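Reader: Hey, I've got a protein model open and I'm a bit lost. Can we go through it together, bit by bit?
Author: Sure, ask away.

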Amino acid sequence: MLYYSGFTRRIGDVDDGSTVTDFLPAERARGITIQSAAVTFEWPPKTAGGTVRAKGPRSHQTHTINLIDTPGHADFTFEVIRSLRILDGAICILDGVAGVEAQTEKVWAQANNWSIPRIVFVNKLDRDGAEFERTVKEIGARLGGWPAVCQIPWWEGGKGRFTGVGDAINLCALKWEEGGDGKDIAIFDLERLQSEDPTLRAEIIKARAALIECLCEYDEELLETWLECNDDSIAIPPQAVRDSLRRCIIDGSGKLIPVFAGASFRNIGVQPLLDAVDDLLPDPKERPDPEVSLGAIKGGLGDLLSGVLAITPVAGKLLAKKSASPKSLVAQIEGCALAFKVVNDLKRGVLVYVRVYSGSINRNANLWNTSLQVTERAQRLLQMQAADAVEISHIAAGQIGVIAGLKFARTGDTLMSCTGANPKTGPPAPLNTLQLRPIEVPPPVFFAAVEPHSLSEEKNVADILALLLREDPSLHMAIDEESGQMQLSGMGELHLEIARDRLVNDFKAKATMGNIEISYRECVLAATNSRRLVFEREVAGRNGKAACEVAVAPLEPATSQSDEIVFVDGNAITVNILAVLDAEGKLILPPELSVQMIRAALINGAAAALARGPRRAFPIHDAHVTLTFDPLQDFFGADTTSAALSAAARLTVQAALKDAFDHDQVGLMEPVMNVVISCDESSLGAIVHDISSARGGHILSLDNQDNISEDDNFQSIDTKKIYAPPDPFASNDRTKSSAPGQSRQVTARVPLKEMVGYLKHLRSLTGGRGTFIMSVDKFERLSGPREKAV
């Protein structure tokens, strides 16, 4: 894309590590995308005189395209999530050999959540085993949308090498020169195809009829045009087809999916795909109004700026007289942007990627961070070209740019530029709380320990980890209070491996990252007897004395939160304060120690005790702690403070847990994952046996992939009714396991410990075809043999 638009002078290759967007050393070494990269270019490129054809398709007019290349690996899902949040359209690139993979479904569902209009490009059709027909039918069966085939593959001589595509929209065929750079394209209309390849000509006519029939199901305007043409699909103008496709996909529902074909390694099909981006995908003005919130008020950003969304100014000293009306308040907004990515560049410092939704962000403007309530100055504005940058004066609405030098901004923060705003207090309320819809961060599933080489290096390692966490919020760091160990958690094995490489190689940290560790839990197996302890100790020069009674029992599944029951880290805590009244009918408590303070102190103490179990010092899970406070026995006048109550609760809960441990009533729990494995029929038996016997998992379901979806809006599609051109090698080279309906999906629940390093094992079982995705389900008690192995 960058080469044909004139942005670069050579074509990059993933295998050679020469692509523009994969510029990190780890990306080039592994041949995969690890972090999203942004590039801005124009398509079609402007002519030497700068003239552009004003009439004709949108693809004849030069458009500025902001391209974000996102990873495909499941461990880097958050990179896709935060990019989808700010995109106006997307291209889903499928492997013509592998078809629709498990991770494709996951990303497709995320795009549905954000209503992103998208088109599909079936790539790698030049490889042995590529099957366009099967891939198209998988799109309909597994992505829940009707595939509208806009291009079909052109095989030389019907069964030869992949040489070009047949265009069902423009009723022509495009042929690329073998071994060329892809710029020389021979165009064959239907008349020339009659002599060049009559079989392809007939298939293009068939594809055009199927495309029109599919569009008429969703677009009444094209149906009227079709009727005006006497039901002749060939007579419908190509522009009417393009307009219909655009109307069908612009809402982002995914109900209709335009499908294009090509082979990027052979430079086939890239220019028509860029034309489709201009013709079909929306510009920023055509997207729905961004969601905003001002405290309890929610609505659209456009409604707020136009005055439709009513806001009430907050009276106070900080509110100027000239900004007393809602209209004048909104008029102060010069620009509003969302920070969606933070990168620490070794040369340029901290770079914050932003998408501007209204107005513009100007150089040296004061930006109010509504999430952190701080003001920062946008000293430098850049337009990123992957690893390179061009300095610009402003970032306009709808554009993606970079602000250099911001110290506090994080992923998901809303940045505002307002006229006359106080640098310390920001815009007048309620504008200072305006927030665009934030980016949700998925929970971590893999854990590792970071050990600095010396105490003097500990602060430096912590600072570097803080930079990594600011760049990638899906990484989490916690410090164990007892051991003081730094624990890093992330989305998967490869995710933490990349974080380790960056920590040691890029930032030169003197630290070692230990093996991936699983976070276990402890549980109470039976109810304990009530325990009562008195805490009496001098704290900070003041006597402290308090007591309480505690009983610990396993948590019942039906227990729900209420006024008396509070849930903390998977445990339920109930506080009973006995009502003891004096002669005047008042509680025997001093005025400075209210019932709410007693309740909070007891809950805090119990939570602290539950954070470290008696058996292996793992946190307690699924326990129900009942604390009883009797003012007659447990209150000792002025010595009973909140700190004393928390300490008493902590000691008593620890004693109760110790009693349970002494009676062998404390078990171990491990995290169990919901795993979805995609494989073919031939390897299904080996996978099921491996999961259920060797790994201690439980098989939940075995399904054909055609009938699977987790989306409530998923429409069931009969793949027999989907048009797709026949694959030339299907009768001889295609095995039963790769036929539609024979790809299988195994849903299982497997302990997380057994899933560490599972991908390598799965690939060996399936000949490299198997993939899996997993998510955290819950903690379950360990069985006897597995408990001994911990």
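Reader: Let's start with H20. Which residues are exposed on its other side, away from the buried ones?
Author: Lys760 and Ser764 are the exposed ones there. Bear in mind that this is a predicted model.

Reader: And which residues of H20 are buried?
Author: Tyr758, Leu762 and Thr766, in a helix that runs over residues 758–766. Looking down the axis of H20, the buried residues fall within an arc of 55°, so they line one face of the helix.

Reader: Why would residues spaced like that point the same way?
Author: An α-helix has 3.6 residues a turn, so residues three or four places apart point the same way.

Reader: OK, nice. What covers the buried residues of H20?
Author: The cover includes two strands, S33 (666–680) and S36 (771–781), and two helices, H17 (684–694) and H19 (752–755).

Reader: Zooming out for a sec: how many helices and strands does the protein have?
Author: There are 21 helices and 36 strands. Of the 790 residues in the protein, 49% are buried.

Reader: What about contacts between residues far apart in the sequence?
Author: Take the contacts with a separation of 6 or more: residues 24 or more positions apart account for 73% of them.

Reader: Switching to charges. How many salt bridges are there?
Author: The count comes to 33 salt bridges. One of them is between the side chains of Asp88 and Arg355, at 3.3 Å from N to O. That pair links distant parts of the chain, 267 residues apart: Asp88 is in the loop between helix H2 (77–84) and strand S3 (90–95), and Arg355 is in strand S14 (residues 349–362).

Reader: Are Asp88 and Arg355 buried or exposed?
Author: Both Asp88 and Arg355 are buried.

Reader: Got another salt bridge for me?
Author: Glu471 and Arg502 form one, with an N to O distance of 2.6 Å. Glu471 sits in helix H12 (residues 458–471) and Arg502 in helix H13 (residues 493–506), so to speak two distant parts of the chain, 31 residues apart.

Reader: Why do Glu471 and Arg502 count as they do for burial?
Author: Buried means under 20% relative accessible area. Glu471 has 5%, so it is buried, and Arg502 is buried because its value is 15%.

Reader: Is there a salt bridge with a partner that's partly exposed, and which residue would that be?
Author: Arg348 counts as partly exposed, at 24% relative accessibility. The side chain of Arg348 meets that of Asp345 in a salt bridge of 3.5 Å, N to O.

Reader: Which residues are linked in a network?
Author: Glu79, Arg82 and Lys341 are linked in a network of salt bridges.

Reader: Back to helices. How do people describe two packed ones?
Author: Two packed helices are described by the angle between their axes and the distance between the axes.

Reader: So what are those values for H2 and H3?
Author: H2 and helix H3 (residues 102–113) pack at about 25°, and their axes are 10 Å apart. That angle makes H2 roughly parallel to H3. On the H2 side the contact is made by Thr77, Val80, Ile81 and Leu84, and on the H3 side by Gln103, Lys106, Val107, Gln110 and Ala111. The crossing of H2 past H3 is right-handed.

Reader: And how do H6 and H7 cross?
Author: The axes of helix H6 (residues 198–218) and helix H7 (residues 220–228) cross at roughly 130° and come within 6 Å. H6 and H7 are therefore oblique to each other. Ile212, Leu215, Cys216 and Tyr218 of H6 meet Glu220, Leu222, Leu223 and Trp226 of H7.

Reader: Last topic: the backbone. Where are there cis peptide bonds?
Author: One joins Trp43 and Pro44, with omega about -10°. Pro44 lies in the loop between strand S1 (37–43) and strand S2 (63–69). Another joins Ala429 and Pro430, with omega about 5°.

Reader: What's up with the phi of Asn267?
Author: Phi of Asn267 is near 60°, a positive value in a residue other than glycine. Asn267 is in the loop between strand S10 (256–261) and helix H9 (270–280), and it is buried, with a relative accessible area of 10%.

Methods. Residues are numbered from 1 along each chain as its sequence is written. This is a predicted model: local features need pLDDT of at least 70, side-chain atom pairs count only at pLDDT 80 or more; totals for chains, interfaces and linings use all residues. Side-chain values use heavy atoms; hydrogens and water are left out. Buried means under 20% relative accessible area, exposed over 50%, partly exposed in between (1.4 Å probe, protein chains only). Helices (H or I, at least four residues) and strands (E, at least two) are DSSP runs, numbered from the N terminus. The arc is that of the directions from the helix axis to the C-beta atoms. Contact means heavy atoms within 4.5 Å. A salt bridge is a side-chain nitrogen of Lys or Arg within 4 Å of a carboxyl oxygen of Asp or Glu. Axes are lines fitted to C-alpha atoms, for helices over the stretch in contact, and angles run from 0 to 180 degrees between N-to-C directions. Angles under 35 degrees count as roughly parallel, over 145 as roughly antiparallel, 65 to 115 as roughly perpendicular and the rest as oblique. A crossing is left-handed if the near helix is turned anticlockwise from the far one by less than a right angle, and right-handed if clockwise.
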